[in-house]
Number of protein chains: 2
Amino acid sequence: MLKVFDNQYRVNYNDSDYTGRLSIAKLGNYILDTAGLHAIELGISMHQLAKRNLTWVISGMYFSFSSLPKVNSMVVVKTFVKDFSKIACKRDFIVTTENGEKIAEASSQWLVINTITRRPVFLDEVFPSFGEIVNLEEKKVEKNKHLRFSFSNPSAPFKYKVMYSDIDINTHLYSMRYLELSLDVLGKDFFSEYRILSADINFISEVLYNQDVEIYLEEPSNDIRQVEMIRDGSPVFRVEFKIEKITN
Amino acid sequence: MLKVFDNQYRVNYNDSDYTGRLSIAKLGNYILDTAGLHAIELGISMHQLAKRNLTWVISGMYFSFSSLPKVNSMVVVKTFVKDFSKIACKRDFIVTTENGEKIAEASSQWLVINTITRRPVFLDEVFPSFGEIVNLEEKKVEKNKHLRFSFSNPSAPFKYKVMYSDIDINTHLYSMRYLELSLDVLGKDFFSEYRILSADINFISEVLYNQDVEIYLEEPSNDIRQVEMIRDGSPVFRVEFKIEKITN
């Protein structure tokens, strides 16, 4: 079993945004893909869980960025399980260039849910020897920071209906599409003017095919942008971006 | 110079749709990415052209599918320039598994446009020795089949505004997003019930950031689906899918 697992990606043409650099949602694809490969290696993959009507879902992520690479650059993603508790598993990521220069870091929290009840289950019911698999002792996992927003002057809602291309093999909105839609509400010009330093992400509720959501943007200060996705009046996703102006 | 260029892709987690197989829009990403790498090899890349306010745009593609691979499968894309004329360049693709079993084929037509006037330019003005570069004689290139639709009973329009994540380095709607949005109007259940055999695609006009489009679906017969994208009353994109029912 590889305690630290890594995989390489070339920044494909369509992984870059119009500025010619890797988009952070596409970087999110790389890290989730690497997590999936590591889970296969450990024998705890979604494919294995699916046979028992179980699946992994991500509940939160803190994602920070140093410098985003250009099209055709190589990117190395390293991942390892950092901690686990009765119910949650924490997986970290370090993303670098081929030469080891840091591109990004991420820390993510995961639950196993029953795909029929859509409720979380205890990890030790699913994997009786989870500690042995990941070579760690069970302990209390620090909870995600719960983002609490109080929007006083939000943007007009951006209305969206979840489509075929937005859903993943769990038939719900793919986690990195929540993030990508949040980048979309920042608007094109934002990415010429600002750099995103970090994204603090709360996945609050699954969103299913054909459901309608409204996405709101608030600018509480020059260096913070907050985005909230609402379905039927309740939040399903929140992200807080720390940003800085690009100076030439 | 490699006359036939190839590149490999692993079907990443997010390249599959909810059925667990590679989506045809994501396969389209692989083939355009391979075309871009080949163009770099030949010294005719978009990056080279951008310095002269020029870029490649795709005007049409015929795309046929045998069997779409599952997540984590390896896919080999081979591409070569098939023909060129004064104004158009035809590039073909063959997509197989690692073992050479056919996944898909595509034939695409390309123009070079001036990024200021947005008008096509003659290939020999851009590359005085294009024939030598691609090792072919100039000849008449068979035109794309122009799709002509007469929708008698279209679906209600699917309204969409082009977002940051939809545009590519040319700052217009990325060609495979036209196709992906067309798959979206087919709807989720379509992909459990039908297999797409081919997609005959006309890229008629660029669509820019923040522009509004309407997408219409027509079902002229059991084995044909037609999709048209309209902006300001004029068509900007058409695709005709040949389909068959999945029988178990």
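How many of the residues of helix α5 (residues 175-186) of chain A are buried? The first legend answers this; the model in every view is predicted.

**View 1. Helix α5 of chain A is mostly covered.** Of its 12 residues, 12 are buried. They begin with Ser175(A), Met176(A), Arg177(A) and Tyr178(A), and continue through Leu179(A), Glu180(A), Leu181(A) and Ser182(A). Leu183(A), Asp184(A), Val185(A) and Leu186(A) complete the list. The helix is followed by Gly187(A), which has a positive phi, near 90°.

**View 2. Helix α5 of chain B is largely enclosed by the rest of the structure.** The helix is described in this way because 12 of its 12 residues are buried. Among them are the charged residues Arg177(B), Glu180(B) and Asp184(B). Also buried are Met176(B), Leu179(B), Leu181(B), Leu183(B), Val185(B) and Leu186(B). Ser175(B), Tyr178(B) and Ser182(B) are buried as well. Just after the helix, Gly187(B) takes a positive phi of about 90°.

**View 3. Chain B and chain A meet in an interface to which each chain gives 36 residues.** The size of an interface is often given as the accessible area lost when the parts come together. For chain B and chain A, the area buried between them is about 3300 Å². Carbon and sulfur atoms account for 62% of this area.

**View 4. Polar contacts and salt bridges join chain B to chain A.** There are 14 residue pairs in polar contact between the two chains, counting pairs with both residues at pLDDT 80 or more. On the side of chain B that touches chain A, four elements each supply at least two residues: β1 (5-10), α1 (24-42), β7 (158-161) and α5 (175-186). The largest share, five residues, comes from α5(B). By residue type, this side of chain B divides into 17 nonpolar, 11 polar and eight charged residues. The rule finds two salt bridges across the interface. Arg10(B) forms a salt bridge with Asp33(A), and their closest N and O atoms are 2.6 Å apart.

**View 5. Chain A is divided into two parts, domain 1 (1-144) and domain 2 (145-248).** The C-alpha centres of these domains lie 20 Å apart. In domain 1 of chain A, 26 residues are in contact with 26 residues of domain 2 of chain A. The two domains bury about 2100 Å² between them, and carbon and sulfur atoms give 55% of that area. On the side of domain 1, the residues that lose the most area to domain 2 are Tyr18(A), Met61(A) and Asn144(A). Together they make up 24% of what that side buries.

**View 6. Two salt bridges are counted between domain 1 and domain 2 of chain A.** In a salt bridge within chain A, the side chain of Lys26(A) meets that of Glu180(A), at 2.9 Å from N to O. The count of residue pairs in polar contact between the two domains is 12, with both residues at pLDDT 80 or more. Two elements, α1 (24-42) and β2 (54-65) of chain A, give two or more residues to the side of domain 1 that touches domain 2. With 11 residues, β2(A) gives the most to this side. The residues of this side divide into 13 nonpolar, nine polar and four charged.

**View 7. Ser59(A) lies in strand β2 of chain A.** Ser59(A) counts as buried because its relative accessibility is 14%, under the 20% limit. Leaving out residues up to four places away in sequence, Ser59(A) touches Gln109(A), Trp110(A), Leu111(A) and Asn144(A). Ser59(A) also touches Ile201(A), Asn202(A) and Phe203(A).

**View 8. Val134(B) lies in helix α4 (residues 130-134) of chain B.** Val134(B) has a relative accessible area of 5%, so this residue is buried. Apart from its neighbours within four places in sequence, Val134(B) is in contact with Lys3(B), Leu42(B), Val81(B) and Phe84(B). Between Val134(B) and Ile58(B) there are 18 Å in space, C-alpha to C-alpha, and the two residues are 76 residues apart in sequence.

Conventions: Residues numbered from 1 in each chain as written. Chains lettered and ligands numbered in written order. Predicted model: local features only at pLDDT ≥ 70, side-chain atom pairs only at ≥ 80, totals over all residues. Heavy atoms only, no water. Contact = heavy atoms within 4.5 Å. Buried area = accessible area lost by both parts, 1.4 Å probe. Salt bridge = Lys/Arg side-chain N within 4 Å of Asp/Glu carboxyl O. Polar contact = N/O pair within 3.5 Å; in protein donor to acceptor, adjacent residues only side chain to side chain. Domains from an automatic or database assignment. Buried < 20%, exposed > 50% of the residue type's maximum accessible area, 1.4 Å probe, protein only.
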